Amino acid sequence: MKAYTKAPPLPVERARALVLARQHVHSSWGGGIADLIGHLGALQLDAIQVITRAHLHQLHTRMPRLREAKLLGALERAERERQIFEYWSHAAAYLPVDNYRYARIRMDRIREGQKHWFEKNARLCRFVLDRIRAEGPLKASDFVRAKGGWWSWSEEKKALEQLFHEGELMVSHREGFQKVFDLPERLLPAGVVTAAASEAEYGRYLVRSFLRAQGVGRIEEISYLRKHDRSPVSDAVAAMLKSGELVPVGKDLILAEDLKIEPPVAPRKVRLLSPFDPLVLQRKRLKRLFGFDYQLECYVPGPKRKFGYFCLPILYRDGFAGVVDLKADREERVLRVKALHWRQEPKTGLLSGYNKALGDFARYHGLAAEGLS
């Protein structure tokens, strides 16, 4: 294998352009939802619904022509047809079903004793598994209702989640936001490879899928929130550098085939991004590449918030112009602007783009926009 040679760092404008092009935030995705999730590698789920579910917002950014109901219907159809499945990536997410063999790595680790959130109750796991095997798909509330809200899980729910993370159960679909569990053999399509990938294959998959979706990156970004994957990622990077599949550009890594690509210049568009969007999810990376210091403040005590409970990053061209705190008032059918913070005084082009983006975002939800500038 040949030794690798370093390339100079990418100019920041070119690095940003490549990241934005790979993320499809300005250029609409032309394929289907399952293909988009395959390109991104994962579509993160989150329980917070101030405006819309995080996964729907991420999809809307890249498929803006579809209204919320149609987007949800298309996503549910992709899950029902088993083009995608729900599991754990860096967080809870939808994944392409063809990548099931990579998810098996984590499933096997947890089955073999890797700690998750709580201790395994083997007896209760056998009980809930036997019921699903005999009765068919069930959700936690079919066993006993948890008391005290979302985070107060019943012991049966913990058992269901343990079996889910071990791969003994899969999510068939959701009712509301409740998972409905069933056996993998009832859900996985014929032909899906169910044997776990090797550690080497897994590491290479993580590197390629990240760089395919993000353009450039570093080892710590590829293994973000994956502390158990740092070793296979590092090994894969070393092997791919030696083979010439990866090229170091300064401190970043890039796929060799992308090195000579000239990404398009970002258009004069505004995008209101989800706080969980893959473009902004890694806050240190966001600050490094875009100079944007962003924090989701719903986890910050009210008196300590600077900008608002659920502020969305405002992307303009190839940079971030500010944040806007929005809330969907479904009863009044209005998208309310609770607060708007610009990083610097906005010019006419930015204000015009923001008004259009806010209006489009409201219409996507079937709401009227309040607070246009």
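Two strands are taken to pair if DSSP finds at least two bridges between them, and in this predicted model that criterion is met by strand E6 (residues 246-249) and strand E7 (residues 252-255), which run in the antiparallel sense and are joined over four bridges. Within this pair, Val 249 lies opposite Asp 252 of E7. The two strands form a hairpin with two residues between them, and in this hairpin Gly 250 adopts a positive phi near 65 degrees. The side chains of E6 alternate in direction, with Leu 246 and Pro 248 pointing one way and Val 247 and Val 249 the other way, yet all of these residues are buried.

Strand pairing is also found in an open sheet of three strands, arranged in the order E1-E3-E2 with antiparallel pairing. Strand E1 (43-44) and strand E2 (84-88) are the edge strands of this sheet, each of them pairing on one side only. Between E1 and strand E3 (residues 92-96), the antiparallel pairing extends over two bridges, and Ala 93 in E3 is the bridge partner of Gln 44. Helix H4 (residues 68-80) packs on the sheet, where it touches E1, E2 and E3, and the direction of the helix makes about 85 degrees with that of E2.

Helix H4 is in turn approached by helix H3 (residues 54-62), the axes of the two helices coming within 10 Å and crossing at roughly 105 degrees. Because angles of 65 to 115 degrees count as roughly perpendicular, H3 and H4 are described as roughly perpendicular to each other. On the side of H3, the contact is made by His 55, Leu 56, Leu 59 and His 60, whereas H4 contributes Leu 71, Leu 72 and Leu 75. The residues of this contact comprise five nonpolar and two polar ones, with no charged residue among them.

A further point of detail concerns the loop between E2 and E3, in which Ser 89 has its place. Since a residue is classed as buried when its relative accessible area is under 20%, Ser 89, with a value of 10%, is buried. When residues up to four places away in sequence are not counted, Ser 89 touches Ala 42, Leu 95 and Arg 226. With Arg 226 there is also a polar contact, formed between the side chain of Ser 89 and the side chain of Arg 226 at 2.8 Å.

Terms used. Residues numbered from 1 in each chain as written. Predicted model: local features only at pLDDT ≥ 70, side-chain atom pairs only at ≥ 80, totals over all residues. Heavy atoms only, no water. Buried < 20%, exposed > 50% of the residue type's maximum accessible area, 1.4 Å probe, protein only. Contact = heavy atoms within 4.5 Å. Axes fitted to C-alpha atoms, helices over the stretch in contact; angles between N-to-C directions. Parallel < 35°, antiparallel > 145°, perpendicular 65-115°, else oblique. Nonpolar A, V, L, I, M, F, W, Y, C, P; charged D, E, K, R; others polar. Polar contact = N/O pair within 3.5 Å; in protein donor to acceptor, adjacent residues only side chain to side chain.
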